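Please consider the following structure. The questions below set its computed values against the definitions that apply.

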Amino acid sequence: MKISYNWLKNYADFNLTPKDLGEVLTGVGLEVEDIIAFETIQGGLEGVVIGEVKECSKHPDADKLSVTKIGVGKGELLQIVCGAPNVAVGQKVVVALVGSTLYPTAGEKLQIKKAKIRGVESYGMICAEDEIGLSESHAGIMVLDATAIVGTSAADFFKVEKDSVLEIGLTPNRGDANSHIGVARDLATALNVTYKSKVNFTKPDISKFKFQVSNAAKPLSVEILDNEACPRYSGVTISGIEVKDSPDWLQNKLKAIGLRPINNVVDITNYVLHEYGQPLHAFDADKIRGGKVIVKKLPEGTTFKTLDGKDIKLNAEDLMICDAEGGMCIAGVYGGANSGVTATTKNIFLESAYFAPTGIRKTGTRHNLRTDAAMHFEKGCDPNITIDALKRAALLIVEMAGGKVSSEIMDIYPQPIEGWRFDVSFEGMKRLAGFDMGKDVVKEIVTRLEIKIEKEEGDILSLLVPAFKTDVKREADVVEELIRIYGYNSFALPKSLRSSLSFSPKVDAQKSENLIADMLTGTGFSEIWTNSVTHSKFEEDELLKQHQVKLLNSEGAGLDSMRSSMLYTGLEVIAYNQNRKATDLRLYEFGKTYLKVDNAYKETRHLAIFLTGKTSENNWLDKGSSYNFYHLKGYVMNILHRLGHTGFEKEISENTPYSFSLVLKIEGVEVARLGSVAKQTLAKFDIKNEVFYADLNWEYLLDKTQFTKISFTELPKFPAVRRDLAMMVNEDLQFDTIEKIAITESKKLLQEVSLFDVYKGDKIEKGKKSYAVSFVFQHPDKTLTDQEIEKVMGKLMSKYESELGAVIRKN
């Protein structure tokens, strides 16, 4: 939400710099994310002045150029080469001096420098309208009225206004602050209570205007057929208007907050929207067929043409503003092509209504129509200001567009929404806040926030909370309002802290996650957070495709489903980095995947690990090696061992999206899958380097971790002995099989078994390969003898020969 510093001063007479104002607003819960300088003409026309053409002659070396001498009010005449065909002696013109910066309507900013053009020196520039950002016209240089005073700054001549715009990150529950008046209410309350400043909060005084109906014509009737979706509908007709451009002050107000001025009527409705927070809509009264305005829902599939000419199919739950023959606009969301205000409009019907937030949100999301009006209604508007906003807008229209109010105000409000009544106690508020603000301060804050104290009896306050405060419905909510206004920095911290120790036998999920995150970060990994909403087209696993969670309404192009795998959003990160020359990456992410199984939704937390590129940067000492599968396996096994998991069932798989992968299981449940991502998958993201990816079932691992017992053994007193064994085996045999036999046959003495060499080639039989395996033995109570070791090795060799058909190679 954008709030104009100058505009805000209309409702609160504060004396703060924009920076200080931002700090105060952030303190009351309206977080100011940025403060942007705004000028009605970008750059403020600094270094641009009014000049007069004193001399003008043809350029000696260019037929289309002129050499001029310009007076700028002081010093010598400036020689400026000009290419405009309409330049002439005696003209008052706009001159950009050397050193100034221009911001053209189209194109990049332009730095004015001393230049030599076709051999003639030029000390500035005579400007056209588009070159200073005044309009899009480039029909020669600007020729000003003869009364313009030479030497006057262009900023003063064009009345350039400066403002500061505060970008506020408004939370969804703060619909009451979704306007300049709403922000001013909080600001004035905080300044008066916390900062002890005397600041007045004022709203536009519409009561001083005579709201007199005249020229009764164009009678219209209003009918609401769905009071639940439209609890209140107000309107008035204005006849004899002239649609034209808005005055500069109004255009500047709208430009400051990022809105494009359109015409006086539309600009006034936008102005009142951002002033009061109340959306309005103006219809061309002559286009309302049958003299009726009907609020209702149309049949499913009805075609409606929007104001931008698009045809959409309506849902049966979309609330519409209709005339006697059909839809005129989507209520609270978007206007129609045939009922809006145009340059020829003479009579209007002005609408000010309150629509149910839920219906507006669903309609806007359903049709991907995210308008200012819809976003205000979604957060919750005040149903009790529709008439105030209507009068404010009607009076501004009469003032700026002429015409007269030609009907009584029509107001259908069958069940007024008064607000919420409940009791609070000073003792209860003190307990929730943790400190005592004092009764007077409490009463001052709630009163200034327009919460009515209906009765005070002893320790109890009976409150009537206005309908615009949609999230204040109980004592705890009132305390939240009190604290944010009182100031989180204003109360003293307690001198003592009381706490109780608790013990839980379960694994602390966050602690375990932080443990592994620290471990990975310490080995050079970077943590990433990616969007859980992604493109369904990425998923390649046919089984997962069937269980994808699709979004009913997707605003972003292609972002149409919740992710069913952690892989693809990670690949997007890798592609983004590689496109920026960052090719050596170690990444990890904790996140959830989403599946729909048997009409139920399933969320599972995962740990994803990505390796790509080289292990280290090239330097004179080390050229760096590329990551391979065993790097990834090492990281994964370290994580699993750190969590206390050993003894995995292993499978080799070539299922998509891997070119190959190793699957690790515990009790038949897959806990990790790691391997190389298939080239066709990488090609979708234009990734050239090989990517190694591991997906750990984090949820299951944690669930099993809580039953993992940690055991400790004494450090060995006796030395370990290593023996190596070379054997020729079938090519399809996995080392895992050799390892299992070794553990089974010599588990009491065997400390470690590892594969340190593999050979395949023409020196051995086809279909065979050579393994070199090392075994480390150790006894806890004595030094092993050669005879004992040879006995174990003989036993192993016999098993390998009989069960695997291995040929033992002896030296």
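Q: Which residue in E35 is the bridge partner of Lys665?
A: In E35, that partner is Glu670. The model is predicted, so local features need pLDDT of at least 70 and side-chain atom pairs pLDDT 80 or more, while totals for chains, interfaces and linings use all residues. Residues are numbered from 1 along each chain as its sequence is written, and side-chain values use heavy atoms, without hydrogens and water.

Q: What makes strand E34 (residues 658-666) and strand E35 (residues 669-677) a pair?
A: Pairing requires that DSSP find at least two bridges between two strands. E34 and E35 are joined by 8 bridges and run antiparallel, so they satisfy the definition. Strands here are DSSP runs of E with at least two residues, and helices are runs of H or I with at least four.

Q: Why is one side of strand E28 (526-527) left without a neighbour in the sheet?
A: The open sheet has the order E28-E31-E32-E36-E35-E34-E33. E28 stands at an edge with a single partner strand, so one side has no neighbour in the sheet.

Q: How do you know that helix H15 (residues 567-578) packs on the sheet?
A: H15 touches strands E31, E32, E35 and E36, where contact means heavy atoms within 4.5 Å.

Q: Why is H15 called largely enclosed?
A: Buried means under 20% relative accessible area, exposed over 50% and partly exposed in between, with a 1.4 Å probe and protein chains only. Of the 12 residues of H15, 9 are buried, so the helix is largely enclosed by the rest of the structure. Among them are Leu567, Tyr568 and Gln578.

Key. Axes are lines fitted to C-alpha atoms, for helices over the stretch in contact, and angles run from 0 to 180 degrees between N-to-C directions.
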